[in-house]
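Biologist: I should like to go through this structure with you, from the overall fold down to single residues. Shall we begin once it is on the screen?

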Amino acid sequence: MASVTPRLKGVIVPLAVPIKSDGTINFDGLKALTHWLLDNGANGLFVAGTTGRFSHFTPKQNADACAVVKEAAGDRATVYGGACDSGLFRMLDNAASLKAAGADVAVVTGPYYLSYSIEESEQVLKSVAERSPLPIVYYNIPEFVRYGLRPEFLEEMADHPNVAGYKDSTNDLEHHLDVLRRTQGKAFDVLIGKELLLEEAFKAGASGLVLSFTNLKPRLHADLYAAVTKEDWELVHEKQLEIARMVEDYQVYARSRPLAVFSNLMKYFEGELEKEGFSFKFF
């Protein structure tokens, strides 16, 4: 079990991983993206998450990406490594590889592929917390895992010394507020993972954000978070509206495209980052 559990806060970028024409990782591009994100306000970098296509790459490739990001980031950011997988021992193996690559925290969803009852899934996640060499962040994304984590379970695990917090991508504000109420005052940080819920989540006590669009506009999200820390809720509202418009622009783009949701997002990232001077390929 990890000995030090860091606090989770600020703007955490679920890194989109640039690729070469053969689909392998463009490590030079990944370094360049890492430096640019940190120069524009990112506090954390989440490698091998959904936007980083962890399921596309092998565990070794994900660990190699983590090592490159850690080397580029140095002490400027907390590095989160996605250890998500289909079962306990694969998760633990991923966590060990990510620790060796320099990750500070491991992020895990519940197991998937086989059908698990919620009780079985929770037992796997408890075992991960007990045995992981890195502190754990639980990641709730029912859209892909096909089930959600219960607030009661998160309240219980908030007292575990190897559980650092929770990334909520449910898009369910009532769920998010319930988790915040249940874990208030504990050493357990709650991160919001949906663009349109930022203002309400931060007013209720969320400690940070993890959003795919931070890959494109890290400074905008950093400005929103800075306003949160100053309790300037009028400015927070203004920035929330800007982020909502950015999401709407993407939705307009995606409606005219024949690709699947994730593929559309990666093509959109390519075009938007080209405006920043990059020529990354993500798809």
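Biologist: How many helices and strands does the secondary structure of the protein come to?

Modeller: Please bear in mind that this is a predicted model. The secondary structure of the protein comes to eleven helices and eight strands.

Biologist: What radius of gyration does the protein have, and what would be expected of a compact globule?

Modeller: The C-alpha atoms fill a box of roughly 45 × 45 × 40 Å along the principal axes. For a compact globule with 283 residues, a radius of gyration near 19 Å would be expected. The value for the protein agrees with this, at 18 Å.

Biologist: What share of the contacts with a separation of 6 or more is made by residues 24 or more positions apart?

Modeller: Burial gives a setting for this: of the 283 residues, 55% count as buried. Among contacts with a separation of 6 or more, the share from residues 24 or more positions apart is 71%.

Biologist: Which way do the residues of strand β7 point, and are they buried or exposed?

Modeller: D189 and L191 point one way from β7 (residues 189-192). V190 and I192 point the other way. As to burial, all of them are buried.

Biologist: Which residue of β7 is the bridge partner of G165?

Modeller: Strand β6 (residues 163-168) runs parallel to β7, and four bridges join the two. The bridge partner of G165 in β7 is D189. Between these strands the chain passes through helix α7 (residues 173-183), in a β-α-β crossover that is right-handed. The partner asked for is thus D189.

Biologist: Through which helix does the chain cross from β7 to β8?

Modeller: Strands β7 and β8 (residues 208-210) run parallel and are joined by two bridges. L191 stands opposite G208 of β8. The β-α-β crossover from β7 to β8 is right-handed, and the helix on its path is α8 (residues 198-204).

Biologist: How far apart are the end C-alpha atoms of helix α11?

Modeller: Helix α11 covers residues 261-274, and its buried residues include L265, M266, Y268 and F269. Elements covering the buried residues of α11 include α1 (27-39) and α10 (233-255). At 1.5 Å a residue, the 14 residues of α11 should span 20 Å, and the distance between the end C-alpha atoms agrees with this, at 20 Å.

Biologist: Which residues does V236 contact, leaving aside its neighbours within four places in sequence?

Modeller: V236 is found in helix α10, and it counts as buried because its relative accessibility is 0%. V236 and E200 are 36 residues apart in sequence, with their C-alpha atoms 10.0 Å apart in space. With neighbours within four places left aside, the contacts of V236 are E199, L224, A227 and V228.

Biologist: Is N62 buried or exposed, and which residues does it contact beyond its neighbours within four places in sequence?

Modeller: N62 lies in helix α2 (residues 59-73). Because its relative accessibility is 9%, N62 counts as buried. Outside those neighbours, N62 is in contact with V47, A48, F54, F57 and L98.

Biologist: Why is C66 not bonded to C84, and how many disulfides does a search of the whole structure find?

Modeller: C66 counts as buried because its relative accessibility is 0%, and C84 likewise counts as buried at 3%. The closest cysteine sulfur to that of C66 is in C84, 13 Å away, and therefore too far for a bond. For the whole structure, the number of disulfides found is zero.

Notes
Residues numbered from 1 in each chain as written. Predicted model: local features only at pLDDT ≥ 70, side-chain atom pairs only at ≥ 80, totals over all residues. Heavy atoms only, no water. Expected span 1.5 Å × (residues − 1). Buried < 20%, exposed > 50% of the residue type's maximum accessible area, 1.4 Å probe, protein only. Contact = heavy atoms within 4.5 Å. Pairing = 2+ DSSP bridges. Right-handed = clockwise from strand over helix to strand, strands pointing away. Disulfide = S-S within 2.5 Å. Rg over C-alpha atoms; globule rule 2.2 N^0.38 Å.
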